[in-house]
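This report describes a complex of protein chains for a reader who has the sequence and the coordinates at hand. Please consult the structure while reading each section.

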Amino acid sequence: MAVNISEGSMIIKTEPDSDDSIPKSDKQTLLAVLQFLKKHNLKETEHLLKQEAKVTDDDLKTEDDKKTEVSQALAAVYKSDDDPSLYEDLYRDLKNFIDSCLDVHKVELSTILYPIFVHMYLELVYNDHEWNAAAFYSKFWQDQEEHRHEDLAKLSSVRSKEHMSGNQLLENFKTSKFVLRMSRDSYTHLKRHLQEKRLSPLLTIIQDHLFIDVFDGVPRTQQQILATSGGLLGEVDKDANKAKVFYGLLKEPDLNIQFDDEEEAAEGEEKPKKKKSKKDPLLMKKSKNDPNAPPLTRIPLPELKDQDHRERAIAYREAKKRVKLDHNHLPSICFYTFLNSYQGVTSVDISDDTSLLAAGFTDGNVRVWSLTPSKLREMKKPDDLDIIDKEADDVMERIFDDRSASDNKLLVGHHGAVYALSISPDRAYLLSSSDDGSIRLWSLLVWTNLVCYKGHNYPVWDVKFSPYGYYFVSAGQDRTARVWATDHYQPLRIFAGHLADVDCCQFHPNSNYVATGSSDKTVRLWDMLNGSCVRIMTGHKSTVHCLQFSPDGRYLAGGGADNVVVVWDLSTGAAVAQLKGHTGIVYSVCFSRDGAMLATGGLDDSIRLWDMQKILAEQDTEADTSIPSNVTVNDSPSLLLGTYLTKNSTILGLHFTRRNLLIGCGPYAAPT
Amino acid sequence: MASESRFGSILSSESIKVISESIGISGLADEAASFLSEDISYRLKLIVQEAEKLRQHGRRTKLTCLDFDQALQIKNVEPIYGHTNKDGYIPFRHASGGGREIFFTEEKEVDLHAVVADPLPKIPNDVTLKAHWLSIDGVQPALPENPPPATKDLQKQEILDTSLKSGGNRQLKRPHLDANKHKHHNKHKEAVMLKNLATHELSVEQQYYYKEITESCVGPDEQKRSEALQSLQFDPGLHQMLPRFVAFASEGVKINAVQNNLALLIYLMRMVKSLLDNQTIYLDKYLHDLLPTVMTCVVSRQLCLRPDMDNHWALRDFAARLVAQICRNYSNNTNNIQARVTKKFSKAIQSENVALATQYGALAGLGELGPEVIKSCLLPYICILGDRIKSVNEGTALNSVDKIAAEHIKRQLLKYLPAVLKTFHNSTETVDEFNVAYGYLGPMMFSMFSQKEKSLAATTSAVHQLAVPRSTLQLTQRPPQIVIQQQPSTPVPLISSPFLNPSPGLSSINTRPLSSLPSTPTGVPGQKFVIVSQTRPSTPIGTPTQAAPLVKLVTTQQSSLTTSISAGPQKIVVIQGGPKPEDSVGGGIRTTLLSGPPATTFVQQPSTTTSSNISGNDTL
């Protein structure tokens with residue numbers, strides 16, 4: 001399989017190309033090495049290297065200076081000579097001004113208070129006015145919205161200039177601008193006020209640290225603002241989501257029709273039912289060309305083997321027996337409880353055909369269970385395989401060793417908690433990502449570890465196989481998401497852009513895009529082709545812990561530590577619905593196979609079902625989403641169709657079978 | 001650490017100094033310590049923030065030491081090895097050497113021989129996977145793997161929910177004729193939103209359960225009864241049957257109070273107690289039935305056939321505890337249960353013309369409500385109570401029942417008052433002062449007060465034992481006399497109802513193993529039967545005609561569960577109207593709190609025609 005995507009793409013290169021590198025970057029590398037040697041007092045080596053590379057001390061000096069200059073420049077962002085007591089008055093004055101505004105503008109303008117508060121505080125801290133900073137903080141922190149308190153708590157731990165370097169949160173505030181969106185009317189109000197009063201420190205803060213995206217149209221309402229606010233650095237400016245996204249599904253290769261005929265012959269009497277299932281929009285779409293679908297060859301995909309064809313035919317047949325779900329027909333839920341796990345289960349995954357369930361544990365072990373009566377078997381040893389008749393019809397059956405059959409298999413390899421698992425679509429492989437910074441690929445045929453992918457040096461929070469196999473994406477504490485191919489030991493793409501940990505990732509059903517959710521409270525959609533970020537979606541107020549694409553590829557649902565589930569429309573990047581009801585972190589979201597229902601579950605021991613059909617029916621598709629005030633976010637409580645509580649079992653995984661039976665799983669915690 | 005975050009909580013510089021001394025750096029300058037404390041606090045917070053992430057990804061609700069260790073590792077700091085989370089208690093020690101520092105938990109020396117000789121410890125159970133149906137077509141089946149059908153909050157929500165519910169599935173199932181009409185259809189649907197009629201249907205199993213439980217609760221088999229009470233106390237998911245159980249108890253008390261069937265009243269109270277103890281049911285909406293029921297058992301003028309013999313006092317005490325429990329658990333500013341109950345009780349205490357048994361009950365009720373209530377609602381009326389007792393003891397009316405009651409009242413006072421008196425008076429006060437304050441009961445109160453003082457003193461200094469405390473109960477009463485008063489007893493219709501069934505003999509009270517009920521009757525065998533009929537201005541109300549509807553209700557209840565109970569008149573709560581003067585106080589309280597069915601229950605006629613009354617001493 002020839003995959004050659006790394007050519008001509010704008011990825012960050014991790015490996016220095018040693019052969020034809022540019023001298024400049026080479027020199028930088030050398031200098032870096034020298035610095036390292038100096039730091040660790042390896043004088044002789046340093047000396048030798050210097051001689052060999054003909055680097056003089058002056059070069060080193062300038063490099064050093066440059067470094068300090070840069071860091072100074074970064075920190076000096078907050079340099080100001082203003083009287084520290086002035087800040088309090090300024091902030092209060094701004095608040096009073098906003099309070100005195102008309103109600104329509106008040107809501108929009110009050111969004112400016114949070115970034116100003118943050119930057120004023122940081123300026124005070126930077127200029128060594130610690131007491132003023134403390135007083136300023138304690139006076140106004142409670143005015144900020146509830147969902148900001150988590151960040152504010154982190155901010156408040158910074159109390160002196162020394163703390164400011166190396167703090168991730170502060171780096172973000174310093175280096176990037178806080179994005180606000182407001183209507184032109186509100187903006188002019190604000191501008192007039194600031195100019196009239198000549199509030200110079202305020203003006204500098206706004207100029208230096210804020211980016212106000214002005215739009216023409218009526219000001220937004222409180223609800224609209226709340227629905228999109230929450231990002232670490234505010235909202236998303238209008239240009240971020242302009243790129244076109246091919247969210248349609250790929251055209252399915254023609255399946256072996258004989259399966260259909262066979263079935264027709266067998267179930268001849270059920271003709272009316274068949275007609276119904278043919279109308280199923282999802283099955284229709286596959287045969288038709290979707291205008292929103294990417295070209296088939298946009299991303300090279302692995303070729304389908306005979307096995308895959310068979311698999312797809314089975315899936316298709318199963319899909320025909322699918323139960324139709326709507327608000328009158330709720331699904332049945334089968335719940336798998338882990339007993340005696342001592343709260344050690346950290347991740348689960350269920351294979352697409354619901355035959356395998358994998359669970360990862362805190363101690364680094366991975367266990368795979370069979371959910372069907374057929375046991376898990378190991379492949380025979382090479383010597384035994386040699387004597388098998390390869391032409392036999394049941395060769396796939398013969399290669400397995402019946403003596404090794406068992407209900408579950410243990411995979412040992414990680415030395416840290418296993419945070420995510422993903423079973424490949426053909427059920428031959430299993431990926432696991434762990435606290436130890438590695439991703440491991442396991443074979444589910446020989447039940448051993450095949451590859452250990454090292455790239456994230458920090459915990460890897462999530463890993464997911466592409467729906468077509470071969471590729472997989474991982475997300476980690478190092479603030480990057482990486483795309484890998486199973487046969488490359490280094491990543492094909494590194495998606496950098498999130499301002500904090502990337503906590504979850506998900507492949508688009510057409511395998512052309514990857515969605516990532518982060519602790520910076522945003523969700524990004526990345527293009528596999530060129531590695532660019534094509535969508536930034538806000539709305540979550542805390543860490544995003546799970547993401548799932550709708551089966552038609554157009555919608556994305558995310559759940560997080562703010563106990564809310566948000567549904568976005570990928571065509572515009574705008575939030576469509578906000579589903580509130582959970583009382584604990586949402587760890588799992590799953591669309592039903594026909595996309596009519598959304599199931600969510602998490603730390604509050606409940607599975608909730610939401611009416612996706614209603615969300616789509618009530619979505620205003622004609623509205624011009626370029627004007628934020630036209631976007632409405634559905635947060636009606638009537639979207640909740642059902643709540644099913646477990647007996648003290650956290651819900652870690654949800655999965656709809658091909659026939660739309662909902663499977664949930666999680667560990668039981670004995671009440672203490 | 002979200003909302004209640006405070007600005008700048010930092011380690012104190014004193015702690016820093018102590019820590020520095022513990023690692024051998026003494027005499028740390030103040031300035032250095034404060035700088036260090038600030039910096040260390042900041043670093044610690046950073047690490048905790050990191051550990052918090054690990055907790056979230058570990059899908060846990062509790063932060064563990066391992067999270068902290070891991071966070072240190074992420075920050076490229078050498079983690080503190082050796083101490084792990086051991087039930088939250090971490091006694092760890094510290095050792096250093098060779099440039100490494102290691103923390104470890106101290107472990108005991110183990111005798112290897114013992115280990116070898118011992119049988120192998122049991123291996124902890126392996127992780128297993130268990131499947132069950134969490135929901136079948138959207139309905140959660142009642143399996144042991146699933147939580148109880150409705151939590152307390154949910155029950156509350158359900159009861160308080162006054163919003164309109166969708167008018168069932170009928171409209172939704174109507175065939176959609178035209179897609180264009182869809183919107184219109186929706187509107188139509190909204191227009192006919194109706195609140196669902198609450199249909200209280202019990203499944204066959206539930207009916208069977210109800211029958212079993214109620215029969216065991218009042219039946220003769222003690223073993224079965226305790227099982228039934230156990231079930232009522234601990235089983236979740238009873239809320240469906242709650243209206244029935246409450247009705248059963250309240251109707252049962254109504255009838256058995258009339259019948260003076262002490263045993264059944266006790267059984268019913270135990271049933272109420274079990275219901276009150278059940279943590280999974282939401283009882284608020286049934287208090288209007290339960291409270292009058294329990295109150296009846298506290299203050300009713302007569303609860304047993306032979307008031308001088310039977311230990312109805314224990315029932316009153318038990319019921320009083322139930323009232324106190326209800327007040328503790330359910331009283332709030334809206335329903336004001338405790339205030340209303342207290343008012344009723346204290347009115348009974350103050351009243352001149354209520355039965356002493358009623359006053360006893362009221363006393364018990366107030367006593368159970370705690371020292372504050374005793375202080376404000378009981379102590380001021382001790383005088384009145386004293387006069388009452390005085391008139392009984394010294395009065396000419398020959399009435400041994402009253403005398404027994406008076407004795408019990410005194411004993412009750414002895415039980416509740418000393419603790420309160422201690423806080424109220426000081427030891428310098430004399431008998432006279434007590435006499436002024438409490439009238440007739442003054443000497444007794446003083447003696448119990450001083451006794452309390454002495455016992456306190458005795459415990460503090462053993463030498464200080466001066467006088468043997470005098471017996472607190474004075475036998476000032478005259479030898480009781482025989483009174484025979486017969487009234488034409490109204491015939492009670494004989495109906496086959498569980499409440500009227502006299503089969504559980506009264507003797508069974510004595511053998512019941514209910515710890516909270518003193519089971520020995522105060523009356524000694526051979527004691528007199530004194531049948532009292534107090535002169536009442538009004539004629540007895542309990543006539544057969546009036547009793548009839550009540551009885552009828554019970555019989556229907558027995559025959560068909562689903563109809564009669566919801567149709568019964570027990571749900572009416574009217575809290576108004578002062579006690580009618582001509583009524584007995586017991587009845588007055590009952591009617592004012594309940595005022596549902598007419599107060600036919602307070603038939604004063606003892607149905608037994610006693611033959612002889614023998615006088616004797618009260619044993620104390």
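## A hairpin in chain A

In strand β11 of chain A, A:Ser434 is the residue that stands opposite A:Val418. The model in which this pair is found is a predicted one. The two strands concerned are β10(A), residues 418-423, and β11(A), residues 429-434. They pair in the antiparallel sense over five bridges.

Together, β10(A) and β11(A) form a hairpin, with five residues between the strands. A:Arg427 lies in the turn and has a positive phi of about 65°. Six of the six residues of β10(A) are buried, so this strand is largely enclosed by the rest of the structure.

## Nonpolar cores

The largest nonpolar core has 113 residues. Which of them touch the most other members? They are A:Leu357, A:Ala358, A:Leu430, A:Val514 and A:Trp568. Leaving aside residues up to four places away in sequence, A:Ala358 touches A:Val348, A:Asp349, A:Val366, A:Val368, A:Leu421, A:Ile423 and A:Leu430. Apart from the largest core lies another, of 94 residues, and its members include B:Val272, B:Ala364, B:Leu378 and B:Tyr438.

## Repeats recorded for chain A

An unreviewed UniProt entry places the feature "repeat: WD" at residues 338-379, 411-444, 453-484, 495-536, 537-578 and 579-613 of chain A. Two of these spans may be described further. Residues 453-484 of chain A are 0% helix and 59% strand, and the end C-alpha atoms of the span lie 9 Å apart. Residues 579-613 of chain A are 6% helix and 57% strand, with end C-alpha atoms 14 Å apart.

## Where the two chains meet

The contact between the chains takes 54 residues from chain A and 39 residues from chain B. On the side of chain B that touches chain A, the elements giving two or more residues are α2 (30-57), α3 (65-74) and β3 of chain B. Of these, β3(B) gives the most, with eight residues. By class, this side of chain B has 13 nonpolar, 17 polar and nine charged residues.

Strand pairing also links the two chains. Strand β3 of chain A (residues 333-339) pairs with β3(B) in the antiparallel sense over seven bridges. Which residue of β3(B) stands opposite A:Ile333? The residue is B:Ser135.

## Confidence in the prediction

For the complex, the predictor gives an ipTM of 0.81 and a pTM of 0.64. Chain A averages a pLDDT of 83, and 86% of its residues score at least 70. Residues 1-22 of chain A have a pLDDT below 50, and this stretch has 22 contacts in the model beyond near neighbours in sequence. Over residues 257-286 of chain A the pLDDT also stays under 50, and there the model has 13 contacts beyond four places in sequence.

Chain B has a mean pLDDT of 67, and 60% of its residues reach 70 or more. Among the elements of chain B, strand β3 (residues 128-135) has the highest mean pLDDT, 91, and helix α22 (residues 544-559) the lowest, 35. The pLDDT is below 50 over residues 1-5 of chain B, a stretch with nine contacts beyond near neighbours in sequence. It stays under 50 over residues 164-191 of chain B as well, for which the model has 16 contacts beyond four places in sequence. Where pLDDT is low, the predicted coordinates should not be read in detail.

Key. Residues are numbered from 1 along each chain as its sequence is written. Chains are lettered from A and ligands numbered from 1 in the order in which they are written. This is a predicted model: local features need pLDDT of at least 70, side-chain atom pairs count only at pLDDT 80 or more; totals for chains, interfaces and linings use all residues. pLDDT is the predictor's confidence in each residue, from 0 to 100. Two residues are in contact if their C-beta atoms, placed from the backbone, lie within 7 Å. Helices (H or I, at least four residues) and strands (E, at least two) are DSSP runs, numbered from the N terminus. UniProt positions are given in the numbering used here, feature names are shortened, and annotations may be inferred rather than shown by experiment. Ala, Val, Leu, Ile, Met, Phe, Trp, Tyr, Cys and Pro count as nonpolar, Asp, Glu, Lys and Arg as charged, and the others, Gly among them, as polar. Two strands pair if DSSP finds at least two bridges between them. A nonpolar core is a set of buried Ala, Val, Leu, Ile, Met, Phe, Trp, Tyr and Cys residues joined through C-beta atoms within 7 Å. A residue is buried if 20 or more other C-beta atoms lie within 10 Å of its own, exposed if 12 or fewer, and partly exposed in between; C-beta atoms are placed from the backbone.
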